[in-house]
Amino acid sequence: MANLEELLHQRLASAFEAVVGAPVDPVIRRSQHAHFQSDAALSLVRRVGDNPREIAGRVVEAAQLGDLCSSVEISGPGFINLTFADDFLARLLVDMVGDERLGLSQAKAPETITIDYSAPNAAKEMHVGHLRSTIIGDAAVRLLEWQGHTVIRQNHIGEWGTPFGMLVEHLLDIGESEAAHELSVGDLNGFYKAARVKFDADETFKDRARKRVVLLQSGDETTLRLWKTLVDESKKYFMTVYSMLGVRLAEEDFFGESYYNDQLRSVVDELDELELLRESEGAQCVFPEGYTNRNGDPLPIIVKKGDGGFGYGATDLATIRHRRRNLHATRLLYVVGLPQRQHLEMIYDVARDAGWVVPPARAEHVGHGSILGDDGKMLRTRAGHSVKLVDLLEEAVVRAAGVIAAKNPELDEDARAAVARAVGIGAVKYADLSTDRTKDYVFDYDRMLSFEGNTAPYLQYARARICSIFRRASVETPLPGVDKLVVAEPAERALALELLAFGSAVAEVSESLEFHKLANYLYGLAAVFTSFYEKCPVLRAEGDVKQSRLVLCDITARTLELGLGLLGIEAPDRM
């Protein structure tokens, strides 16, 4: 499928260069007076010395747009207004019919992309703070895989360090089978808190826990076996949450901190050979240029601590080196909260200084804000605790079931349960993804489950209504290929233009990973379709007009389904 804006850009860029003698950005945007307009002629007066209207006229003549446009006008001081021909729009729509990719090709230069996301801590339950990274990361996986890239999911769980001495000792106290049972039923928080209480109150237990850390880090066989029990049960619990949330993370995607343990020493040695290490208060550190603390002193990444242990910075550097050297990633994405921005930028800079990440390879922080409660503070329970992610998702599905039962009581029990899950989980995901990811947002069940406004239920219902059109017409979908379409009414043109903008929206979001732009596109498409459906009868039309309008309905439904799918949201046929 042609990207309309890109097509105009190519034609006009060549024409401007022919007129001016140098490359010129044609500055193309949507217009209220035509389909698109170019503003570039206005900025060329000094370079060319002519009136901008005369420049625009020469550009239009050189561009030869007759095969694309029914109208090309120069307005005002030198705007070029461009209106596509109906038959040209119809030909592009024909290419979308019967194509599961809606005429969109895969990436011209596919890459290997690692995506670091979710990253909960073993032996702790997932809470609302893990939601954004998991949802945004999953959407990135879906979109970039759909574009043909090789995407390697990396779930960098926290499963190493001093807390595990305490946890292993608690496991021994209550017995392995009892501990496994507690963890298997998802009571990770209870297990962790019980261990913490003993650690804080019992000096003997605290001493045992510290000694157990030494045994763990030295590779004691029994300790490692018990540690693995904790981690394995935690992974089973995580997979239950991921299944409920409907994300693509799998067991083989877990790459915890311990995975890099045997690589840490070589990281230190390599940084030392590159003369990037400096000693600071007994620790081996890297000081990337341009980072200072509040006092103006250089800010370090501690690679090796004074006691001989390795800092978290060493693990992060081993991780980025591994993803480049072993996984051969050229785009390394880290879907992590914005408070970690400086730390990640420091890691990236050290990786660049060490020669691990060099162009065209690049590391990107896909930063996100927080989820807030009604009080504008971090979302918590009434008792002040973090909201468990499982509880939040179950509540969304329960509330959705009530809404669906009221809206369509004729659905049978199984269908209602499936729709409730799609609507409830979809509402949670869409509320997140439709928000600029760098902003905080207030979690509000009533707003996100509403069938009005920019919500998942609104878009899901819009598609379900289109599906009902085909059921009433006794027409199977998706429709087979067609030879021609009729695009003649203003509402048909508006819908055609919106459908043909899907490729541009996807291309932009694949670079920026600003998923609210894809969400806003889908919301706009649904609104344009509603206007089309009100003004252009479908089932009462006849002949080619009816067939063409059914095709527009079909492409709209499939675009909504695909767009929601790229966001990780189901689109039920009935609601």
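This passage describes the sheets, helix packing, salt bridges and unusual backbone sites of a predicted model.

Two open sheets are considered in turn. One has four strands in the order 1-2-4-3, and its pairing is antiparallel. The edges of this sheet are taken by strand 1 (28-30) and strand 3 (69-75), each of which has a single partner strand, so one side of each is left without a neighbour in the sheet. Neighbouring strands are turned against each other by 25° on average, direction ignored. Strand 3 pairs with strand 4 (residues 79-84) in the antiparallel sense, over six bridges. Within this pair, isoleucine 74 is opposite isoleucine 80 of strand 4. Helix 3 (residues 52-63) packs on the sheet and touches strand 3 and strand 4. The direction of helix 3 makes about 160° with that of strand 3.

The other open sheet also has four strands, here in the order 6-5-10-11 and with parallel pairing. Strand 6 (150-154) and strand 11 (362-365) are at its edges; each has a single partner strand, so one side of each lacks a neighbour in the sheet. From one strand to the next, the twist averages 20°. Strand 10 (residues 331-334) is joined to strand 11 by four bridges in the parallel sense. In this pairing, the bridge partner of leucine 333 is glutamate 364 in strand 11. Helix 12 lies across strand 5 (112-116), strand 6, strand 10 and strand 11, and runs at about 145° to strand 10.

Helix 12 (residues 312-325) also packs with helix 13 (residues 341-353), at an angle of about 55° and with the axes 10 Å apart. That angle makes helix 12 oblique to helix 13. The crossing of these two helices is right-handed. On the side of helix 12, the contact is made by Gly313, Asp316, Leu317 and Ile320. Helix 13 contributes His343, Ile347, Tyr348, Val350 and Ala351. By class, the residues in the contact of helix 12 with helix 13 are six nonpolar, two polar and one charged.

A hairpin is formed by strand 7 and strand 8, with two residues between them. Strand 7 (residues 277-280) and strand 8 (residues 283-286) pair in the antiparallel sense over four bridges. Serine 280 has alanine 283 of strand 8 as its bridge partner. In the turn, glutamate 281 has a positive phi of about 50°.

Side chains of opposite charge can pair when their charged atoms come close. The count of salt bridges in the model comes to 38. In one salt bridge, the side chains of arginine 493 and aspartate 86 meet at 2.7 Å, N to O. This pair links distant parts of the chain, since arginine 493 belongs to helix 18 (residues 490-500) and aspartate 86 to helix 4 (residues 86-96), 407 residues apart.

Some backbone sites in loops were also examined. The peptide bond from proline 359 to proline 360 is cis, with omega near 10°. Proline 360 is located in the loop between helix 13 and strand 11. A cis peptide bond also runs from threonine 477 to proline 478, with omega near 0°. Proline 478 lies in the loop between helix 17 (456-473) and helix 18. Leucine 102, a residue other than glycine, has a positive phi near 55°. Leucine 102 is in the loop that lies between helix 4 and strand 5.

Technical notes: Residues numbered from 1 in each chain as written. Predicted model: local features only at pLDDT ≥ 70, side-chain atom pairs only at ≥ 80, totals over all residues. Heavy atoms only, no water. Axes fitted to C-alpha atoms, helices over the stretch in contact; angles between N-to-C directions. Parallel < 35°, antiparallel > 145°, perpendicular 65-115°, else oblique. Left-handed = near helix turned anticlockwise from the far one by under 90°. Contact = heavy atoms within 4.5 Å. Nonpolar A, V, L, I, M, F, W, Y, C, P; charged D, E, K, R; others polar. Pairing = 2+ DSSP bridges. Salt bridge = Lys/Arg side-chain N within 4 Å of Asp/Glu carboxyl O.
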